[in-house]
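Here are my notes on the model, point by point. Have the structure open while you read.

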Amino acid sequence: MGFFVETLIGGLMAGMLYSLVALGFVLIFKASGVFNFAQGAMVLFAALAMARFSEWANIALGGDNLFLANVIAFFAAGVVMFIAAWAIERLVLRNLVNQEGATLLMATLGIAYVLEGIGQTIFGSEVYPINVGMPKDPVIMFESLFEGGIMINKEDFIAALIAAILVAVLTIFFQKTPVGRALRAVADDHQAAQSIGIPLNRTWVIVWFVAGLVALVAGIIWGSKLGVQFSLATVAMRALPVVILGGLTSVPGAIVGGLIIGVGEKLSEVYLGPYVGGGIEIWFAYMLALVFLLFRPQGLFGEKIIDRV
Amino acid sequence: MIYRENGQFKTTYAADQQIFTIAQDKVFVLGVIAFAFIGIPLLADEYMFRAILIPFLILSLAALGVNLLVGYCGQITLGAGAFMAIGAYAAYNFMIRIDGMPLIFGLLLGGLASAGMGILFGIPSLRVRGLYLAVATLAAQFFCDWAFLRLGWFTNYSSSGSVSISNLSVFGWGIDSPLEKYLFCLCFIVVFAFVAKNLTRASIGRQWMAIRDMDVAAEVIGIRPMWAKLSAFAVSSFFVGVAGALWGFVHLGSWEPAAFSVDRSFQLLFMVIIGGMGSILGSFFGAAFIVVLPIFLNQVLPALGHLFGIEISTAGISHAELIIFGSLIVFFLIVEPHGLARLWSIAKEKLRLWPFPH
Amino acid sequence: MSRKIGDVILDLQNISLRFGGVNALTDISFDVREHEVRAIIGPNGAGKSSMLNVINGVYHPQDGKIMYRGKERKKMEPHMAASTGIARTFQNIALFKGMSVLDNIMTGRNLKIKSNLLLQALWLGPAQKEEIEHRKKVEEIIDFLEIQHIRKTPVGRLPYGLQKRVDLGRALAMEPQILLLDEPMAGMNVEEKQDMCRFILDVNDQFGTTIVLIEHDMGVVMDISDRVVVLDYGKKIGDGVPDEVRASPEVIKAYLGAGH
Amino acid sequence: MKFRSLALAAAIASVGLSAAVVSPAAYAQAKEQYFPVIVYRTGAYAANGAPWANGYVDYLKLVNAKGGINGVKVSFEECETGYATDRGVECYERLKGKGATVFQPLSTGITFALTEKAPIDKIPVITAGYGRSESQNGAVFTWNFPLLGTYWVGADVAIQHIAKQAGGLDKLKGKKIALVYHDSPYGKEPIPALQERAKMHGFDLQLLPVAHPGVEQKATWLQIRRDRPDNVLLWGWGVMNSTALKEAQATGYPREKMLGIWWAGAEPDVKDVGAGAKGYSALTLQHGAEPNSKVVKDMLAMVHAKGQGTGPKDEVGSVLYMRGLISAMLGVEGVRKAQERYGKKVMTGEQVRWGLENLNLDQKMLDDMGFAGVMRPVQTSCTDHLGSSWVRVHTWDGAKWNFTSDWYQADQKVLRPMAMLASGKYAEEKKITPRTPEQCKQ
C-alpha cells in the first residue's frame, strides 16, 4: 500500500513536470494556432542559456554569490528568449500567416533544428549543471501509517509547486490583464482581433516570449534535475501525449492531462512493466492518449469541432 | 525549342490518360531510367553506390510511401520509421523462419505485414485528424521501438537484440557487390514508382485526393472515408515497409530498432515537404536532397572555412548542419510549399513557352 | 414538356434536428415526387441547408422518419446516401481544389468503378478499360456544361461561376436520381444565373433527375420549380405550387417582416 | 517571384554540384598511415563522446610529434555520426576508400553494422571495451578486436567484485542483483553473462531497462526502492548515468551498493551529481583517470604545450580521454607490430589485422610508452581477439575517482564456452567456416 502511494505521488510529480512543458505547447497553440514542436528545443535552448550565463556571471562576480549570479542569468536568459521569440515571429510566423496547421507544425520542426544548432554553437554541447539550490535528498513521511513510510522527493515536490504557481500566474495573466485578453481575442479569431486594433504581430511575439519563459522555468527545473544537455530537448516527446489528452487549447487540460499521464505511465511501468519486460512507459502514455482520443477527439478539455457543410 | 507539344494530338482517351502526355517527357524519363541502369554503373564508384545511391534509392521508396499518405491523402504521419521497422523485422522473420523463402517474396511479405499494421494504426484517422493524428502516429513509433527491442521473438532471441542477414540472392544470383545491390534496389524503385503513378491517376488516387482536399464533400459524393483512408495507410505502409526491409537487408545488413527511430520518421516527412507533397517526382528530389545535404556540408564547410583561414571543428559542422537544415525547411515552407517538384514544373512550363515567354 | 411528374420518391415525416440545445429543425414534413423540381426557400438561418444535410445523411435527425422509395431509411452515412442515388452540390463550393476539373468530375464516377486496387496499381486491362469508359461519360458531362476548354485546369484557378458549374458536373457524374442543389446561383451575375437555370432545367428534362433546390433568388425559384417548401426558424410555414406560396400571408410575413 | 526562383535554383544547383565534391577526393595519401576517426561530438551522447575523441586524436598527434610509427607519419580525419548507425555507415564508406587502417566506432550499433562490412573490405575493427562479446573468438570474427574487455568480461568481473565484498562467491546465494541498463544492444550485451553467473551462484537477477536517452527513470528507481536489491549494476551511457545517480540519491538508494560498467564510470557521469555520487563505484577498463601518468605528461608537453591540443587542457588524463587515447594506442601498436613483418612502410588493413592478432605488449613496452601504472600487458592471438581482461574498480569520492580494488580478471572458464557457442551460432547463420590454427599461421 505504501509503495502504491509512493508510485502515485511519484507519478503526480512527474506529471506536473510534463505539464510544465505541455503548458508551452498550449499557450502557443491557443494564441497562434501553431502546434509548436520546437517547445522541447526551446527548453534546451533556455536551459543552456541559463546554465552558461549563471556560470559566467558566477566567475565575473568572483564566485561567492551564486544567488545573484542565478538572478542575473535568469534575466539574461529571459532576454535571449525574447530575442528568439522576436526572431521566430519576424522570420517565420509572419511569412506563414493563414497557412494550414500541418504546414506550421512542420515549420516548427525546422525551428527546433535551428534552435538546437544555434544553442549548442553558442553555449556548447557538454553537460552543464544548473544549481539553484534544490534539495536532493528525500524525506520519509507517515512512517507510522505505512511500513517503510512514504518517501517524498523534495526536489520534485518543489518543482511541482513551482509548476502549480506558474499555472496560477498564467491563468490570471490570461483572464485579468489587457494583454491576456488581447491574446485570447487573437486566439479566437485572427481577423476579428486585427479589425478591432489588436496588433497581431506584437501579440505573437508576446505569446512566444511567454512560452519561452515557461520553457525557461521548465528548463531550470529539468536542468537542475538532470543537468543541461542535449537530451533535454526530448522531454517534449514526453509532453506530447499530455497535450493531446488535455486538449490543445486548455491550460487546465495541460495540468490534468499531465497528472493523468504521469500517474498512468508510472503505475503501468511499475505494475505492468515487469510482465512484459519493462520499458513500456513511453508508448503506454501515447496509447493512453490515443484511447482517450478515440472517445473524445478534441481531448479532455478541448473545444468540440463541428463540421459545417 | 525542343521541348514542345505542338503537333502531338491525342485522338483517343487512352492516349490522353497516359502517364506522360508529352512525348518528350516520356523520352526524358525513359532516358533517366536507362541512364540509371546503364550509365551510372559505368560511372559510379563503390562509395557512391554504398553511401549515396543505395540509401537514396531506398529512402526515395520510403518517401514515396509517405507521400502517398501525407501528400495525396492528407493524413499526416510522424510514425513512418515504425513501418520501416515493421517491414524490416517482418521480412527478417519470414526469411529465417521459412526455409527457402525467396528474397523478393520475403521483402514483399515484409511490406504486407507493414501494410496490415498500417491499417491498424490508421484506425485513429477515422476519428481524429490533423495534429492530433500526427501525435497518434507517434504512438505507433514508440510502440514499435519498444516491441522490437523487448519481444525476443522478433529478433529470433538474439542476445543483443540486433539482427543481421547476409548471403542475399535472387534466382541464384548473389547480391553482394555494391553494384548488384544498387541494381536490385533500382528495380524495386522503378516498379514501385510505376505502381504509385498508376494508383494516383486511377480511381483510388482520386479518392485519396478528394479526402485530402475536402473530406465532407468527398463523403457526400460517395467516397467511403474509411476505405479511402485505410487503403492509403495500407498502401503507404506497404511501400514504407518494403523500403524498411531493403534498408535492413541491403543497406545496413545488420540493424537494431534505433535504425528506424523517430528521427527517421521526421527525416522521411522532411523529404516529402522539401521534395513536394503530392508529387511522385518530388519524393525522389526530397530523398536526394536529404541524403546528399549532410555529406555535402561535411565536405564543403571545412573547405570553405579553410578558404577563410578558419578551422571548423567536427562539432561545429554538425551544429551548422542542424541550423542549415532547419532553415531550409522553414525556407521551403515559406517560399515554395510545393517543394522542389513545383520548381521543376515551373521550369518545364517556362521551357514549353521558351523563347516566347508570352 | 416531355417530362412527367411521378410518384412520391422521398417522404420526410416529422423531422426534428437539434444541436445541443438549439433546435435547427422542428417537426418538418414534406415530400418530393419523382422528376419534379422542388425548392426549399426561407430567410437566412431558416434551416434550409440543415434540411439538405438531413436528406443526404450528413446530419442525423433526432426525431422523424425518412421514407425513400416507399421504404423507411435507416440512419445512414453520406456515402451510403450517395450510393442510393442522392447527389448534391454545396453552398460554399466544396471542390477538391488540388485536382483538375476532369479529375474532380471523375471522382463523381467513383461509385461506379469496380476494378480493385491491384488492377489499378498495375494499370491492367480491365482497370484501364474502365477508366476510359468513365472518361467518356465525364466528357459528355463536360460537353453538356460547356467547360471543355478548362478540363485540365486545377479548379483552384477557376473563377467562381465556373467552379459552381464544375460542382454541378461532379454531382451529375454520379447519375443521381435525386440531385440536391444548395444555392447553385448564389453570387452569380444575371448571365451566369441564366446559364445555370438552363443547365438545371436541362438536367431535369433530359435525364429525368429529381431536383431539390435551395435558392434565395425568388424570381428564379418561382420560375423553375414545380413545388416550393418555405421554412422559417426551423419550422415549415408553407408548401405548395409557386403561386400558392407567393400568396400565403405567413410567407409574406416571414419574408417581409411584421410590418406588412 | 524572380527572387524565389533564383534562390531555389541556387539551392538545387549547390546540391547537384555536391555530387562532384562528395566522392572521396584522394587515394593519394599512401605516404601516411591513415586513421579514420569516427566520433560523436553532438547529439545526446556528445558529453561522453567528445573526450574520447579528443584523447584518440591527441594520441595520433603525439605519435607524429614523436616521429611517427617507425618513421611513418600518421594522418587522420574525423567523421561525425551523432551516435546514429546510418551516419556511421556513411562515414565508414567514405573513409575506408582513403586507405583506412582501422575503424573504432565507439558505438555498439555501428559495430554491429561494420561487423558485416569489414570482412568484405578487409579492414579491422577495434572495439576496446565494447562491441559484440562473442567476437573475442577470432576464428569466426576475423576482423573484430574487442581488445581489453567485452561486456561479458565486465559482467563477470562485476559479479566477482560483489562476491568479494560479500565475502565469497557462495555468499551470493539468495541475493538480489538488479541490472539497470540502456535499452539497446549495448545495454543488453551483459545479460547472458549475468544470467550464466546467476545460474551458477543462485542469485536473483532483476532486469530494469531504461529507454533512450535515459532521462526518465523514476519508475525504475521506484521499483528498486520497493524491491531493495542488494546491489545495482548500472549499464548506462551518457546522461543516463548521471540521471541514475540522481534518482538513486532521490530515492535514498545507497550509492555504495551501486556498481557501474566502465562506460558509467567517468567524470561526466558524476561531476554534475557531485557529492550525491559519493561512494559510487565503477569498473575500469584497466585505466582510470590518469593525470599523473607519463603519457599524459608527454601529451601536455609535446602536443598541448604547442597549442595543438584537440580539447581543453584540463580534460587531458580524464577517464574517457584515456579510453580514447588507449584505443588509439592499440591501433598504432597494431600497425607497429605489422611493420615488424611487412616492413617499415604504410600498412594495409589486412596487414594491420595481422599486427593486431599478434599484438604482444608486455609490461616493459607499456612502461616505456608511458603507460606504467595505467595498463597491464595485452597479448592477442589468432583465436583470442580479447588480449587481456584485467579490470579494476574505482570509486568516486565526491571530487575524483580513486582505485578501490585489486586487479580482477574475467573467468575465461565461464566466458570462453559462451563465446564459442554464440560465435558458432553466428558462423552457422552466416555460413562462415571458422579459421583453423593452420590458416592462422599464414
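1. First, the term that most of these notes lean on: two residues are in contact if their C-beta atoms, placed from the backbone, lie within 7 Å. By that rule, 24 residues of domain 1 of chain D are in contact with 25 residues of domain 2 of chain D. On the domain 1 side, α2 (46–65), α4 (108–121) and α12 (319–342) of chain D each supply at least two residues, and α12(D) gives the most, with five residues. Helices (H or I, at least four residues) and strands (E, at least two) are DSSP runs, numbered from the N terminus.

2. Some housekeeping. This is a predicted model, where local features need pLDDT of at least 70 and side-chain atom pairs count only at pLDDT 80 or more, while totals for chains, interfaces and linings use all residues. Residues are numbered from 1 along each chain as its sequence is written, and chains are lettered from A and ligands numbered from 1 in the order in which they are written.

3. Back to the chain D domains, whose bounds come from an automatic or database domain assignment. Domain 1 takes in 6–150 + 290–389 + 420–440, and domain 2 takes in 151–288 + 392–412. Their C-alpha centres lie 27 Å apart.

4. Now the chain pairs. Five pairs of chains are in contact, and B and D share the most contacts. There, 38 residues of chain B meet 41 residues of chain D. α12 (280–307) is one of the chain B helices that supply at least two residues to this side, and α12(B) makes the largest share, seven residues. By class, the chain B side has 20 nonpolar, 13 polar and five charged residues. (Ala, Val, Leu, Ile, Met, Phe, Trp, Tyr, Cys and Pro count as nonpolar, Asp, Glu, Lys and Arg as charged, and the others, Gly among them, as polar.) In chains C and D, by the way, no contact joins the two, and their closest C-alpha atoms lie 18 Å apart.

5. Chain A also touches chain B, with 38 residues of A in contact with 33 of B. The elements of chain A giving two or more residues are α4 (101–123), α9 (235–246) and α11 (281–295). α4(A) brings the largest share, 17 residues. This side of chain A divides into 26 nonpolar, 10 polar and two charged residues.

6. As for chain A itself, count on 11 helices and two strands, in the order α-α-α-α-β-β-α-α-α-α-α-α-α. Its radius of gyration, taken over C-alpha atoms, is 20 Å, which agrees with the value near 19 Å for a compact globule of 309 residues (the rule is 2.2 Å times the number of residues to the power 0.38). Of those 309 residues, 57% count as buried, meaning that 20 or more other C-beta atoms lie within 10 Å of the residue's own; 12 or fewer is exposed, and in between is partly exposed.

7. Which residues of α5(C) are buried? They are A127(C), E131(C), H134(C), R135(C), V138(C), I141(C), I142(C) and L145(C). They cover an arc of only 120° around the axis, so they sit on the same side of α5(C); the arc is that of the directions from the helix axis to the C-beta atoms. The face turned away carries exposed residues, including K129(C), K136(C) and E140(C). Right after α5(C) comes E146(C), with a positive phi near 55°.
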